[in-house]
Amino acid sequence: MPISQPLLERIIRNAGEIALTHFRDLKHLNVDKKSPRDFVTAADLAVEDFLKAQLREHYPQYGFWGEEGGQSENQINRWIVDPIDGTHSFSRGQYYWSISVALEIAGEIVEGIVYAPALNDYYCATKGQGAWRNGQSIHVSELDDLNDAMIGTGFACLRSYLENNNLARFCRIAQATTGQRRLGSAAVDICLVADGQLDAFWEQELNLYDVAAGALIAKEAGATVTDFHGNSGIFPKQLLITNGKIFNQLLPLM
Ligand code: IPD
Ligand code: CA
Ligand code: CA
């Protein structure tokens, strides 16, 4: 069983209810653009405000870094929060979006939660204590042939109008695999690798709040977590998560 964190789970599930209230009334949802291809909605802001208030009240010893509101004073031991990962999907009524909450202590991610309310999936991990989905232990897939693999990715690089983007890499890997998915929430994508539903995920130009919680969950589920050159660690600008068995086949294509 996961380490019991009833208070933390209650806070995050309550944040999910706030998100779902907006999700069930999209015609009245206020959607703004942070840049031509980057959205923020009233739901993102409401969820982040709620989480910041609750986590500061119940865990005053930790600082807070939220995607929308930025960083508080204590950034040594801090919560790292993406209030809604997959805002574009959320705003269109699709189910692949999540609330991502990580706890970083002295530079190390020690708690990770990715909650996907519309999917009713609650992924969590505590460092060294395994990975869980809805209280059931999860582990990466056993698939060991890249040709049979189903992989996931995303295109933050196109959001940033980067020349050095993911398109050529995607075409190389798509031709070498059986299935490809771009589901719209990097945090959920990473948890799908942890849960054996995907065999690998990669993306460039993400941010720590997109990936911190998912990367711990994936690592605790037996995944490799590296950059595109195979260096171990959480590199949001170049993140590669695999089930380990196809790592050496995939790395040369990155
Ligand atoms: C986005 C999602 C998407 C990824 C983008 C991210 P946001 O997060 O994770 O899957 O491809 O790069 O920015 O902006 O909806 O929080
Ligand atoms: Ca995000
Ligand atoms: Ca977000």
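The following dialogue discusses two calcium sites, a helix pair and a nonpolar core in a predicted model.

Me: Which residues are the protein donors of the calcium ion (ligand 2), and at what distance do they lie?

Reply: One reads a metal site from its donor atoms and then from their places in the chain. In this predicted model, Asp82, Asp85 and Asp210 each offer an OD atom to the calcium ion (ligand 2), at 2.0 to 2.2 Å. Along the chain these donors follow the pattern D-x2-D-x124-D. The site thereby links distant parts of the chain: aspartate 82 belongs to strand E5 and aspartate 210 to helix H7, 128 residues apart.

Me: Why does aspartate 82 count as buried, and why does aspartate 210?

Reply: The class rests on relative accessible area, with under 20% taken as buried. Aspartate 82 counts as buried because its relative accessibility is 0%. Aspartate 210 is likewise classed as buried because its value is 9%.

Me: What coordinates the calcium ion (ligand 3)?

Reply: Here the donor atoms include a backbone oxygen as well as side-chain atoms: Glu67 (OE), Asp82 (OD) and Ile84 (O) coordinate the calcium ion (ligand 3) at 2.2 to 2.4 Å. Their spacing in sequence is E-x14-D-x1-I. Glutamate 67 sits in the loop between strand E3 (63–66) and strand E4 (70–71), whereas isoleucine 84 lies in strand E5 (residues 77–85), 17 residues away. Both glutamate 67 and isoleucine 84 are buried.

Me: How far apart are the two calcium ions, ligand 2 and ligand 3, and which residue coordinates both?

Reply: A shared donor is found by comparing the two lists. The ions are 3.6 Å apart, and aspartate 82 coordinates both.

Me: How do the axes of helix H6 and helix H7 cross?

Reply: A helix pair is described by the distance and the angle between its axes. Those of H6 (residues 186–194) and H7 (residues 208–220) come within 8 Å and cross at roughly 5 degrees. Angles under 35 degrees count as roughly parallel, so H6 is roughly parallel to H7. On the H6 side, the contact is made by Ala187, Ile190, Cys191 and Ala194; the H7 residues include Asp210, Val211 and Ile217. By class, the contact has eight nonpolar residues, one polar and one charged.

Me: Which residues touch the most other members of the largest nonpolar core?

Reply: In soluble globular proteins, nonpolar side chains tend to be buried together. The largest core here has 37 residues, and Val114, Ile217 and Ile241 touch the most other members. Elements that each supply at least two residues include strand E7 (108–116), strand E8 (121–126) and strand E15 (238–242). H7 provides the largest share, nine residues.

Conventions. Residues are numbered from 1 along each chain as its sequence is written. Chains are lettered from A and ligands numbered from 1 in the order in which they are written. This is a predicted model: local features need pLDDT of at least 70, side-chain atom pairs count only at pLDDT 80 or more; totals for chains, interfaces and linings use all residues. Side-chain values use heavy atoms; hydrogens and water are left out. Donors are N, O and S atoms within 2.8 Å of the metal (3.2 Å for Na, K and Ca); water is not among the atoms, so sites may look incomplete. Helices (H or I, at least four residues) and strands (E, at least two) are DSSP runs, numbered from the N terminus. Buried means under 20% relative accessible area, exposed over 50%, partly exposed in between (1.4 Å probe, protein chains only). Axes are lines fitted to C-alpha atoms, for helices over the stretch in contact, and angles run from 0 to 180 degrees between N-to-C directions. Angles under 35 degrees count as roughly parallel, over 145 as roughly antiparallel, 65 to 115 as roughly perpendicular and the rest as oblique. Contact means heavy atoms within 4.5 Å. Ala, Val, Leu, Ile, Met, Phe, Trp, Tyr, Cys and Pro count as nonpolar, Asp, Glu, Lys and Arg as charged, and the others, Gly among them, as polar. A nonpolar core is a set of buried Ala, Val, Leu, Ile, Met, Phe, Trp, Tyr and Cys residues joined through side-chain atoms within 4.5 Å.
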